[in-house]
Amino acid sequence: MDSLAFSLIKKNLETKDPHLDLGGCGLTGIEKELELLGHWDHLETLIISDMWHEHDAGWIFNSNDLDEVRNYLEDKEKMTS
């Protein structure tokens, strides 16, 4: 497991940062690294999207700083049947 997602997950586990941004990691949703997240109770925010909108004084379009490879989450049920 030597991926960008694994590196970010490992760093988050060490720092216990309540926010983890996995956008731009090229995730499909079936990576073994994601199973590690189920054991953590310190996470408050998990971002898996590559871009989003926020509203403050108006709508603002944002994207993550990684922007390496877009995530394309698959339906696990469909992939295993």
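I started with the packing of helix α1: its buried residues sit against β1 (19-21). A reminder to myself that this is a predicted model.

**Helix α1**

I looked up which residues those are, and the buried ones in α1 turn out to be A5, I9 and N12. They span an arc of only 65° around the axis, which means they lie on the same side of α1. That fits the usual helix geometry: with 3.6 residues a turn, residues three or four places apart point the same way.

Next I turned to the opposite face. Away from the buried side, α1 carries the exposed residues K11 and E14.

I also checked the length of the helix. α1 runs over residues 4-15, 12 residues in total. From its first C-alpha to its last it reaches 17 Å, close to the 16 Å expected at 1.5 Å a residue.

Then I looked at what comes after the helix. K16 follows α1, and its phi is positive, near 60°.

**F6**

I picked F6 as another residue to look up in helix α1. Buried or exposed, or something in between? F6 has 21% relative accessibility, and the cut-off for buried is under 20%, so F6 counts as partly exposed.

I also looked for a partner far along the chain. E33 is 27 residues from F6 in sequence, yet the two are 5.8 Å apart in space, C-alpha to C-alpha.

**The largest pocket**

I went on to the largest pocket and noted a volume of about 160 Å³. Which residues line it? My list reads L8, K11, N12, T15, D17, H19, L20, D21 and I47.

Two names here were already in my notes. K11 is in the lining and is also one of the exposed residues on the face of α1 turned away from its buried side. N12 lines the pocket too, and N12 is among the buried residues of the helix.

I sorted the lining by element. α1 gives the largest share, 4 residues, and α1 and β1 each supply at least two. By class I get 3 nonpolar, 3 polar and 3 charged residues.

**The whole chain**

Last, I stepped back to the overall layout. I find 2 helices and 4 strands, and along the sequence they follow the pattern α-β-β-β-β-α.

How much of the protein is buried? I have 21% of its 81 residues down as buried.

For contacts, I took those between residues at least 6 apart in sequence, and 62% of them join residues at least 24 apart.

Definitions and conventions
Residues numbered from 1 in each chain as written. Predicted model: local features only at pLDDT ≥ 70, side-chain atom pairs only at ≥ 80, totals over all residues. Heavy atoms only, no water. Expected span 1.5 Å × (residues − 1). Buried < 20%, exposed > 50% of the residue type's maximum accessible area, 1.4 Å probe, protein only. Arc of directions from axis to C-beta. Contact = heavy atoms within 4.5 Å. 1 Å grid on protein atoms, 1.4 Å probe; cavity = no way out; pocket = protein on both sides within 12 Å on 5 of 7 lines; lining within 4 Å. Points joined across faces, edges and corners; volume = space filled by probe spheres on them. Nonpolar A, V, L, I, M, F, W, Y, C, P; charged D, E, K, R; others polar.
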